[in-house]
Amino acid sequence: MGDQLTGSQILCRALLEEGVDVLFGYPGGAIMPFYHALPEYPGLRHVLVRHEQAAAHAADGWARATGRPGVCVATSGPGATNLVTGIATAHMDSTPLVAITGQVPRAMIGRDAFQETDIIGITQPITKHSRLVDDVEELADAVHEVFAVAREGRPGPVLLDVPKDVQNQKLEDPGPRARGPVSADHREGLVGRPTATALLEAARLIARAERPLIMAGHGIILSDAYEELRGLAERTGIPVITTLLGISAFPEAHPLHLGMPGMHGEVHVNRAIQQADLIVGVGLRFDDRVTGNLAAFARGAKVVHIELDRSEIGKNVPVTVGLVGDARAILRELLEVLAPRHCDAWRAEIETFVRPRPESFKGGLSPEGILESLEGASRGRCTVVSDVGQHQMWVAKLFRYQRPNTHITSGGLGTMGFAVPAAMGVVLARPGEPVWAISGDGGFQMNMQEIATMVQERIPVKMAIFNNGYLGMVRQWQQFFHGRRYSATPIWSPDYVRLAEAYGIPGWRVEHGGQVEPALQGALDHDGPALIEFLIEQEANVFPMIPPGASLSEPIESEAVTA
Ligand SMILES: Cc1ncc(C[n+]2csc(CCOP(=O)(O)OP(=O)(O)O)c2C)c(N)n1
């Protein structure tokens, strides 16, 4: 007779078999058997967060940085429901995330037991798959199944709900699972090839277009298609636009890089889109923040859409040729049939749309100045995790990303409070590299409790708060579209330097330009978490801005228009 294992031990072992080495979580009644088993598996590092939402965001940050599923754990009821925003964030941005929740014992399910919620029902619309395991015999297979679902095809979150008595159930040790090495490659098992006819048609459109553009999205990062994207651009001379989640999928300093499109996109980028005769969209979903008024979006352009998720093709924008599959694989096939060409005349035309920018903001306390100094101090070697709001747009537009996948943000859900916990996950995925969490004073206060996690777990996140005393992005909308009625947007902050002190970490308040670089250097030199508060101009705005519902041709470019 072999040894007996509990469900919890089987769960831990299955996690190790999936290559998991870190999990973010918070214990409670229904998940206690799992936490009882955990110390027997030192290969599983557990990071105790201060709020389950942060566990989901940290696992999400870890997953975005590694390309492998991140894992978060919570108890039933309030623990599980606290994960929901993080799961929805991962769902909107196609992050592979495995959420494990305890559930009340099977005999209690459906009786409104203490801390019972139907977390399967709650999360079904925001997961790829959610599964209640009601027999220990199924547990190991269920773990492997949800990991496979999370990473295969278009990645996304999954949830495994494990009743407490199943965690305690005993089973004859089935022995380690006979399976090959775990692949970190989420492209495993993918996807039909596009037909030769469709590929040739796409190549023909690319060869003949006079004003073509490439729009690159998150799919480039998810499929490691940097080289192929660059190959496509350089073979054809077609300028490249990167969406918010596509930022850092193409070198920003490259002469073919144009910038970000959409609501806060550069004027020349949006103008180029409106004048294009072909858009090659790769790994993106043409969401409404990118297109503006759909009816007026790129009306002269045919669209070649390369996308893993078939349901995205034609969902928002009419498509001339849709190529369904992994971006890297399809770009490679396309490169085989594409002859070299250039787009010099079109590029010269776009050049005339570009608004002049000041040479340097260095040393200033403007958002531009801070980001330029931050880039200099980090020598381009850092990863930047931004929160949601005005600062997010400044970070997206002004920071010059030099390496792939070094810009991480909540795009689809736009989740305030994301940056600080997500950055913890990124630090653990990229030890030795500076990781900045850049937040507004609003979003920072949504998850600042996680400084305690950083201290206890020695996670050296560098936190930068752009404090404008307002929920800035909402205030900007109120200024532009609600007659400056600043309803519920002025926001008080605690003394962040003393807050840092209370947590035992260094903190700086930066009130004038001369303090920017010393503070950045001080934070980077400190071997641990550190915090900087930048007191920026209170009513600074993000320009340009396409008003909601307007077309990309109708930007607000300066204060004059809003006065
Ligand atoms: C969880 C959540 N609640 C509300 C919003 C709506 N919202 C979007 S931006 C924003 C203001 C953000 O303010 P702050 O964090 O101070 O950043 P700033 O815009 O000033 O840079 C708000 C409230 C949101 N995106 N997420």
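**Exercise 1.** In this predicted model, determine what area is buried between domain 1 and domain 2, and which share of that area carbon and sulfur atoms give.

*Solution.* The area buried between domain 1 and domain 2 comes to about 860 Å², and carbon and sulfur atoms give 49% of it. To place this interface in the chain, note that domain 1 covers 4-187 and domain 2 covers 196-353, while domain 3 takes up 367-542. The centres of domain 1 and domain 2, taken over C-alpha atoms, are separated by 37 Å, and the contact between the two involves 9 residues of domain 1 and 12 residues of domain 2.

**Exercise 2.** Find how many salt bridges cross the interface of domain 1 and domain 2, and describe the side of domain 1 that touches domain 2 by residue class.

*Solution.* Begin with the salt bridges, of which the rule finds 2 across this interface. For the pair Arg 154 and Asp 309, the N to O distance between the side chains is 2.8 Å, which lies within the 4 Å limit for a salt bridge. Next, 3 residue pairs are found in polar contact across the interface of domain 1 and domain 2. By class, the side of domain 1 that touches domain 2 consists of 4 charged, 3 polar and 2 nonpolar residues.

**Exercise 3.** Identify which residues come nearest to the ligand, and state how much of the ligand's accessible area the protein covers.

*Solution.* The ligand has 17 residues around it, and those that come nearest are Gln 390, His 391, Gly 414, Gly 443 and Gly 472. Turning to individual atoms, a polar backbone atom of Gly 414 is 2.8 Å from a nitrogen atom of the ligand, whereas a polar backbone atom of Gly 472 is 2.8 Å from a ligand oxygen atom. Of the 590 Å² of accessible area that the ligand has on its own, the protein covers 76%.

Technical notes. Residues are numbered from 1 along each chain as its sequence is written. This is a predicted model: local features need pLDDT of at least 70, side-chain atom pairs count only at pLDDT 80 or more; totals for chains, interfaces and linings use all residues. Side-chain values use heavy atoms; hydrogens and water are left out. Domain bounds come from an automatic or database domain assignment. Contact means heavy atoms within 4.5 Å. Buried area is the accessible area (1.4 Å probe) that two parts lose on being put together, summed over both. A polar contact is a pair of N or O atoms within 3.5 Å; within protein, one must be able to donate a hydrogen and the other to accept it, and residues adjacent in sequence count only if both atoms are side-chain atoms. Ala, Val, Leu, Ile, Met, Phe, Trp, Tyr, Cys and Pro count as nonpolar, Asp, Glu, Lys and Arg as charged, and the others, Gly among them, as polar. A residue is near a molecule or strand if one of its heavy atoms lies within 4 Å of it. Accessible areas come from the Shrake-Rupley method with a 1.4 Å probe; for residues, only the protein chains shown count as cover.
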